[in-house]
Amino acid sequence: MTWSIDFAPLVPVWLIIAMTLIAVVIVGLSLWRGQRGALVRAAAFAALVIALTNPAIQREDREPLTSVVALVADRSQSQDLDGRKQTTDETVATLAERIRDLPNVELRIVNAGRKRNSLQNDGTTLFDALDQELSDVPPDRIAGTIMVTDGQVHDIPEQADKLGFSAPLHVLVTGHAQERDRRIVIDRAPRFGLVGKEQQVRLRVEQAGEGIDTAPVRLTIRRDGEDVGVRSLPPGATVDIPVEITHGGKNIFEFEAETLEGELTTLNNRAVITIDGVRENLRVLLVSGEPHAGERTWRNLLKSDASVDLVHFTILRPPEKQDGTPISQLSLIAFPTRELFSVKIDEFDLIIFDRYKRRRVLPILYFDNIARYVRDGGALLVATGPDYAEAGSLYNTPLANVMPAEPSGGIIEEAFLPRISSLGARHPVTRGLPGSRSAVPDWSHWFRLVDTYDHHGEVVMNGPRDKPLLILDRQEKGRVALLLSDHVWLWARGYEGGGPHVQLLRRLAHWLMKEPDLEEEALRASSRGHELTVERQTLADTVDPVTITTPTGETQTLPLTETEPGLWRATLHTDDIGLYSVSDGERTALANIGPANPREFANVLSSPAPLTPLANATQGSVRRLEGRADTAIIPRVVALNRASSYSGNGWLGLKMSEASVLKGIDRMPLFIGFLGLAILLGLLSATWYREGR
């Protein structure tokens, strides 16, 4: 409740001013001439002027508004380290209780520092959340802000006036002064690289804290989960690390620095980059036997791909054919069989035999070289016809050691629809081929199949009577595919509508060349925004749940759901940025949420320094929440109306608001009514009486 004097003039103000000037002149002349009653006349004029201004005593009934205090709790990922989260929870709970005990105070708790569904800002943002929370509060009602944080804040205003209020900012810093940490920083990493070539990754190992040894740091390098090298790096030095791109698709490289004794966290000791391997040119050797209707199917398919360097070796005239043609007219140049099958055989990515049978063109030694080439990691595709069942079969060469099936000598010649086997429905080479999902495959018939027995490997397609049609097999480091029919050309020619020959043959070639996307058993992890997607490719009927390790070291189990045969998938929404590890017990996959070098982990050491200038500019304070026994010492909270300082030893001050809301007004006029009339008549009578004597 407040009292005041208010004026409500009965006539225009200019008229009151004019009358006042006239009265001053009249009273002045009376005093100058020494007339009697001049002072009484002056009092009468004054009473008249005051009456015209209509003064009144005004009483306002006001209700004081609450003072708003913001208590900001840093919930960023760095607060999960070294017990900071527990300290923050205890401090916020204690301060909230003490603030609520203060009279006429409204408390607003702000949990900030971790932005959901956004990777635009990968650091700790406290002031953005504070501004949103106080957007509906007038600046004069804000009594102050108390922040509980590790000090590493990335949206600090440059000046105090940018806060939007004039109240103290107090900062309570979690963590300890003796912290130390080591981390890897990726300065430059290529996105693509040629298979078989090296790329340079530029990085450095940084460490901070007290009493850290400057000895070289041991850096372990892994590719796709396997160790490929170890380096010793001086701390702080930027170095280029050569990495080899070994296959097409995603090559995942992991760099891990050895643990620093007593460091705050090892989560930022690892960094992962992904380089997409691109094959410069695929070198393919195609060996065609006797001419047949589908001979050009393989050649046309391979020549249509600009990234394929094709060497085509065709036998048009076998040595036993005697037709009198002069030797000088048989060929223009001698075909370099020795160079292809002995000297440079390891330079080929894939060797294809299309209906080839022995005709004393290639010596037995060359087939032995091909078998060794496969065992050492090469790829061999054999597309057979009747030749595979005859005496000149490739199985009657050293290639038999790597072939997945032995011919029985029989040939089945009848119309049949190639079908995906139960295993092939889960295999990435044949899974989901166009036309295969219906009960009766939507593609044309074939009419010939080479019968085999004693097969091993993976039968992914069947022919008539469930006989193997396409067999995939591994031989030590290499791979072999055996196609037991020469009628794939019917699909290429569009017979009865044709079939997916391009998809099948390309997948087959890529599987032989070990493309990661076509591996039968694989665990993959990828990210998009805050979504972590886990895929498990397997030929098994069931899969176990995977274990996910978050950037903060926490683990959780994630069950997978079969989305299509052989492919299981699950998606997890994540709030934390950083490196995620996914494991099924045998395989491990890595994925990074957010940028490779997030600001949140650029410096995880707690520090009062970043917020000290702003706190000082607002007459606030910055102090650590630790005592002699490593226990948090939480200061008292004091409400102050006006003060030159809002902090002291063991206490924090809040600037209480003087804002209020008006509930009602009472007005009592002074010169209106009988009181005013009596005073005015009394003074006029006194003037007349004095002048009349």
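**Exercise 1.** Determine whether Thr452 is buried or exposed, and state which residues it touches.

*Solution.* Step 1: Thr452 has a relative accessible area of 8%. Buried means under 20% relative accessible area, exposed over 50%, and partly exposed in between (1.4 Å probe, protein chains only). Thr452 is therefore buried. The model is predicted: local features need pLDDT of at least 70, side-chain atom pairs count only at pLDDT 80 or more, and totals for chains, interfaces and linings use all residues. Residues are numbered from 1 along each chain as its sequence is written, and side-chain values use heavy atoms, with hydrogens and water left out.

Step 2: Thr452 belongs to strand S21, residues 449-453. Helices (H or I, at least four residues) and strands (E, at least two) are DSSP runs numbered from the N terminus.

Step 3: Leaving aside residues up to four places away in sequence, Thr452 touches Tyr388, Ala405, Glu406, Pro407, Ser408, Pro468 and Leu484. Contact means heavy atoms within 4.5 Å.

**Exercise 2.** Locate Asp454 and Arg465, and describe the phi and the exposure of each.

*Solution.* Step 1: Asp454 is in the loop between S21 and strand S22 (458-462). Its phi is near 50°, a positive value in a residue other than glycine. With a relative accessible area of 56%, Asp454 is exposed.

Step 2: Arg465 is in the loop between S22 and strand S23 (468-475). Although Arg465 is not a glycine, its phi is positive, about 60°. Its relative accessibility is 60%, so Arg465 counts as exposed.

**Exercise 3.** Establish which side chains of strand S27 are buried, and which strands pair with S27.

*Solution.* Step 1: In a regular strand the side chains alternate between the two faces of the sheet. In S27 (residues 546-549), Val546 and Ile548 point to one face and are buried. Thr547 and Thr549 point to the other face and are not buried.

Step 2: S27 pairs with strand S28 (residues 555-558) in the antiparallel sense over four bridges. Two strands pair if DSSP finds at least two bridges between them. The bridge partner of Val546 in S28 is Leu558.

Step 3: The two strands S27 and S28 form a hairpin with five residues between them. Gly553, in the turn, has a positive phi of about 95°.

Step 4: S27 also runs antiparallel to strand S31 (residues 578-583), joined to it by three bridges. Here Ile548 stands opposite Val582 of S31.
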